[in-house]
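Pull up the model and keep the sequence beside it. We'll take a walk through the fold together, a few places at a time.

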Amino acid sequence: MTIEVRVPQLPESVADATLVSWHKKPGDSVARDENLVDLETDKVVLEVPAPVAGVLKEIRLTDGTTVTSGQILAVIEEGAAAVPGASAPAILAASSGATAAAQDSVAKGGAVAKDNVRADAAKPDAAGGKLSPAAKRVAEENKVDPKTVSGSGRDGRVSKSDVVNYLTTKDAVPPAQAQAPAAAASPAAKAPAQFVPAPSARTARAEQRVPMTRLRARIAERMVQAQATQALLTSFNEVDLHAVNELRARYKDPFEKQYGVKLGFMSFFAKACVEALKKFPAVNASVDGADIVYHEYFDIGVAVSTDRGLIVPVLRDADQLSFADIEKSIGNFAARARAGSITIEELTGGTFTITNGGVFGSLLSTPIVNSPQSAILGMHKIQDRPVVIDGQVVVRPMMYIALTYDHRIIDGREAVQFLVTVKQCLEDPARMVLHI
């Protein structure tokens, strides 16, 4: 019995998705609920599991295809077992014409032609869609027939390095050939040996053009939209994190023992921002047409960097979360975001965002607001610097903080006082407990 594998129902906010990569090929055995293919949306990568156990009989859509809900992706033969060495019909379809011609040649040409057909059948067709963009460019520049290059990638795919290695091997002069002329020359005609470098495979400065992933394209769109539609301005301040460091050092071990998670900086910053947002609700607001929407809840987005790009999972009702809850949630978000298993619902919404460029060494930056929010706090690298306290020069762990905000609804006074409140809460953490 054949079972169709279809694109799952996409969320309302997602119109379509892009087929990123298949994890199985036709003829492979699949287990029930085993991931067959990844679909990339504007925000997350969705996994499509096998609905039944059996053999993947046919793949209907290839990598890079844009798909919608309910579209057929593949066909599974339920309960079947994979036959070792057998090729699936989907794979043979592309080369059926070549195989028929080869068989005809065998019938007419005898054993020699038969051997050639076998060799041709075993050789991957590099020109048949298995050439990466970079490899294709190098091959064209150096007039190389892709069929003569052996691919080292998956399913015989030819990469740029395969073409470069082929050119290097092809252009190199074998030692025996290089020494033959010298051996044939008379002693009187011998000249000093000259080193002739092998021609370089790289005849021009290489470039590689690849399409943006859906996530990267969406990030670009949102960033440009924020810059074009909001009156963005950034204010700065600096924070002495001596008190926070002391608290973390004093309670690090008992905190981890009791809650099973380390006490980091992000929970302190999230709590400090909640206190500041309560005092300055415009920073927690957003613009909707000609209206200002004041949110009476505090959903704090925390920017997480992944291989695919920057995503912002949301801490719902951050004012009601404990320090341990925040640390656990952020750790969970980060792990699942990098694994590609975070859900769209967890990335949707948010009234304010915190981003930490300090983990990459950034000392100062002007973050871009995550529209339709109206403000974002930028954290930066903690650096020991000399500061004056009570008339004495002392060394303290200092961090610059930045608030980028939409000047249409947030005045400079509110932005500056917001940063001052965050600074006060972090330099005297008891304020966050007493809510003062």
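What follows goes through two sheets, then a group of helices, and ends with two backbone details. Bear in mind throughout that this is a predicted model.

Let's start with the sheet that has β1 in it. Four strands make up this open sheet, ordered β1-β8-β6-β3, and they pair in the antiparallel sense. At the edges you'll find β1 (2–6) and β3 (29–30); each has a single partner strand, so one side of each is left without a neighbour in the sheet. To see how β1 is held, follow it across to strand β8 (residues 72–78): the two run antiparallel and are joined by five bridges. If you want a landmark for the register, look for Arg-6, which stands opposite Ile-72 in β8.

Now for the other sheet. Here too the sheet is open and has four strands with antiparallel pairing, this time in the order β5-β4-β2-β7. Its edge strands are β5 (45–49) and β7 (66–67), each of which pairs on one side only. Further in, strand β2 (residues 17–22) pairs with strand β4 (residues 35–40) through four bridges, again antiparallel. A handy place to check that pairing is Thr-18, whose bridge partner in β4 is Glu-40.

On to the helices, with α8 as our guide. Two packed helices are described by the angle between their axes and the distance between the axes, so those are the values to look for. Take α8 (residues 266–279) with α10 (residues 412–427): their axes come within 8 Å and cross at roughly 135°. Angles over 145 degrees would count as roughly antiparallel and 65 to 115 as roughly perpendicular, and α8 and α10 are therefore oblique to each other. The crossing is right-handed. Who does the touching? From α8 come residues including Phe-268, Phe-269, Ala-272 and Cys-273, and they meet Phe-418, Thr-421, Val-422, Cys-425 and Leu-426 of α10. Sorted by class, this contact of α8 with α10 holds ten nonpolar residues, one polar and two charged.

Helix α8 also packs against α9, at an angle of about 115° and with the axes 9 Å apart. This crossing is right-handed as well. On the α8 side the contact uses Met-266, Ser-267, Phe-268, Ala-270 and Lys-271, while α9 brings Phe-323, Ile-326, Glu-327 and Ile-330. Those residues of the α8 and α9 contact divide into six nonpolar, one polar and two charged.

Phe-268 deserves a second look, since it turns up in the contact with α10 and in the one with α9. The model has three aromatic pairs by the ring-distance rule. One of them joins Phe-268 and Phe-323, edge-to-face, with 5.1 Å centre to centre and 65° between the planes. Phe-268 belongs to helix α8 and Phe-323 to helix α9 (residues 323–339), so the pair ties together parts that are 55 residues apart in sequence.

Finally, the backbone. Most residues other than glycine have a negative phi, and most peptide bonds are trans, so two spots are worth a visit. Which residue has a positive phi without being glycine? That's Asp-317, with phi near 50°, and you'll find Asp-317 in the loop between β15 (314–315) and α9. The other spot is the cis peptide bond that joins Ser-371 and Pro-372, with omega about 10°. Pro-372 sits in the loop between β16 (352–356) and β17 (375–379).

Conventions:
Residues are numbered from 1 along each chain as its sequence is written. This is a predicted model: local features need pLDDT of at least 70, side-chain atom pairs count only at pLDDT 80 or more; totals for chains, interfaces and linings use all residues. Side-chain values use heavy atoms; hydrogens and water are left out. Two strands pair if DSSP finds at least two bridges between them. Axes are lines fitted to C-alpha atoms, for helices over the stretch in contact, and angles run from 0 to 180 degrees between N-to-C directions. Angles under 35 degrees count as roughly parallel, over 145 as roughly antiparallel, 65 to 115 as roughly perpendicular and the rest as oblique. A crossing is left-handed if the near helix is turned anticlockwise from the far one by less than a right angle, and right-handed if clockwise. Contact means heavy atoms within 4.5 Å. Ala, Val, Leu, Ile, Met, Phe, Trp, Tyr, Cys and Pro count as nonpolar, Asp, Glu, Lys and Arg as charged, and the others, Gly among them, as polar. Rings of Phe, Tyr and Trp (its six-membered ring) pair if their centres lie within 6.5 Å; planes under 30 degrees apart count as stacked, over 60 as edge-to-face and the rest as tilted.
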